[in-house]
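Got the viewer open? Let's take a short walk through the model, one selection at a time.

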Amino acid sequence: MFVCTLLTSPSKPSLDLALVESLRNAWGGGDAQWLAVDEAVAFSLNVMPDNRWEVWADVQKLGVDLVITPLAGRRKAMLLADMDSTMIQQECIDELADVAGVGDRVKSITARAMNGELNFEAALRERVGLLKDLPESVISEVLATRITYMPGGAVLLATMKRDGAYAALVSGGFTAFTSAVAGHLGFDENRANTFIVEDGVLTGDVGMPILGQQAKVDALEEITTRLGLEPSQVLAVGDGANDLGMLGRAGMGVALHAKPSVAAQCDVRVNFGDLTALLYLQGYAKSEFASA
């Protein structure tokens, strides 16, 4: 058995009843369960539709996300999340670079690395090198003035943790940022790279080993083993090429507003919803959300 979930943007809910009924009838779906009025609905399916991706492409033009997942094991016991452009709306290293006056150079490298065009470790070293001699105090400044949280993140964490889930933030970014973001949102642990700092300034070097794509997979394996969970019980979310390993290994890997080359490799894609979409995909109704 499968479940089909249809989602739209919470800021502009526009899910049309006629569309829902048309799909249910065409695919022989079960009764529609409205998870949020005009915003999210789900219905069961006995088989995976042959024209799944053709229909997905059609409804994308209407501002609708269509996701089909197994019905069994829908609710997950662990959240494994990327940070940059996933739990927050920025790329932290890009914001630091902007302050340092090398924003355009670093942003170009970041975009290519997240799209899978560059080796992640080499790209990270190059970007950090461009930050040499930047005062460490700039990190606090960027956190306070430039970092904003992705809508729905606090509700996602509060709801899953209320129901006993474990939450880990695993980033190819830096602990100087993940520790603050994890603390604010309520993650149980965080992992990331480290800046090398001497006399209050960045040296332009990064601590070893560099945490890239494999480190995120390793985190999934290590944490699930420690908690006595299976990878199938994990919901992973990310947007970049270095997230593909954990997205593929997790029971539900969500490409959230992901780079096109990344989304193309994932079966669960959220392009219009915010982070509360991850609750709808687990079958939560909006009335079940915890207060952030």
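Start by selecting β4 (65-70), α10 (244-249) and β11 (252-256): each of them supplies at least two residues of the lining of the largest pocket. Keep in mind that this is a predicted model. The pocket itself has a volume of about 330 Å³. To centre your view, pick Gly251, Met252, Gly253, Asp267 and Val268, which are the closest to the pocket's centre among the 20 residues that line it. Colour that lining by residue class and you get nine nonpolar, seven polar and four charged residues.

Next, go looking for enclosed space. How many cavities of 30 Å³ or more does a search of the whole structure find? Just one, and about 160 Å³ of space lies in it. Zoom in on Asp84, Glu91, Ser171, Gly172 and Gly173, the closest to the centre out of 19 lining residues. Now show α3 (92-100), α5 and β6 (166-174), each of which gives at least two residues to this lining. β6 has the largest share, with four residues. By class, the cavity lining splits into eight nonpolar, four polar and seven charged residues.

Stay with α5 (residues 120-129) and add α4 (residues 103-114): the two helix axes come within 10 Å and cross at roughly 170°. The pair is therefore roughly antiparallel, and the crossing is left-handed. For the contact, select Val106, Ile109, Thr110, Ala113 and Met114 on α4, then Phe120, Ala123, Glu126 and Arg127 on α5. Those contact residues divide into six nonpolar, one polar and two charged.

Note on methods. Residues are numbered from 1 along each chain as its sequence is written. This is a predicted model: local features need pLDDT of at least 70, side-chain atom pairs count only at pLDDT 80 or more; totals for chains, interfaces and linings use all residues. Side-chain values use heavy atoms; hydrogens and water are left out. On a 1 Å grid over the protein atoms alone, a cavity is a set of points where a 1.4 Å probe fits but cannot get out, and a pocket is an open set with protein on both sides within 12 Å along at least five of seven lines; lining residues have an atom within 4 Å of a point. Grid points are joined across faces, edges and corners, and a volume is the space filled by probe spheres set on the points. Ala, Val, Leu, Ile, Met, Phe, Trp, Tyr, Cys and Pro count as nonpolar, Asp, Glu, Lys and Arg as charged, and the others, Gly among them, as polar. Axes are lines fitted to C-alpha atoms, for helices over the stretch in contact, and angles run from 0 to 180 degrees between N-to-C directions. Angles under 35 degrees count as roughly parallel, over 145 as roughly antiparallel, 65 to 115 as roughly perpendicular and the rest as oblique. A crossing is left-handed if the near helix is turned anticlockwise from the far one by less than a right angle, and right-handed if clockwise. Contact means heavy atoms within 4.5 Å.
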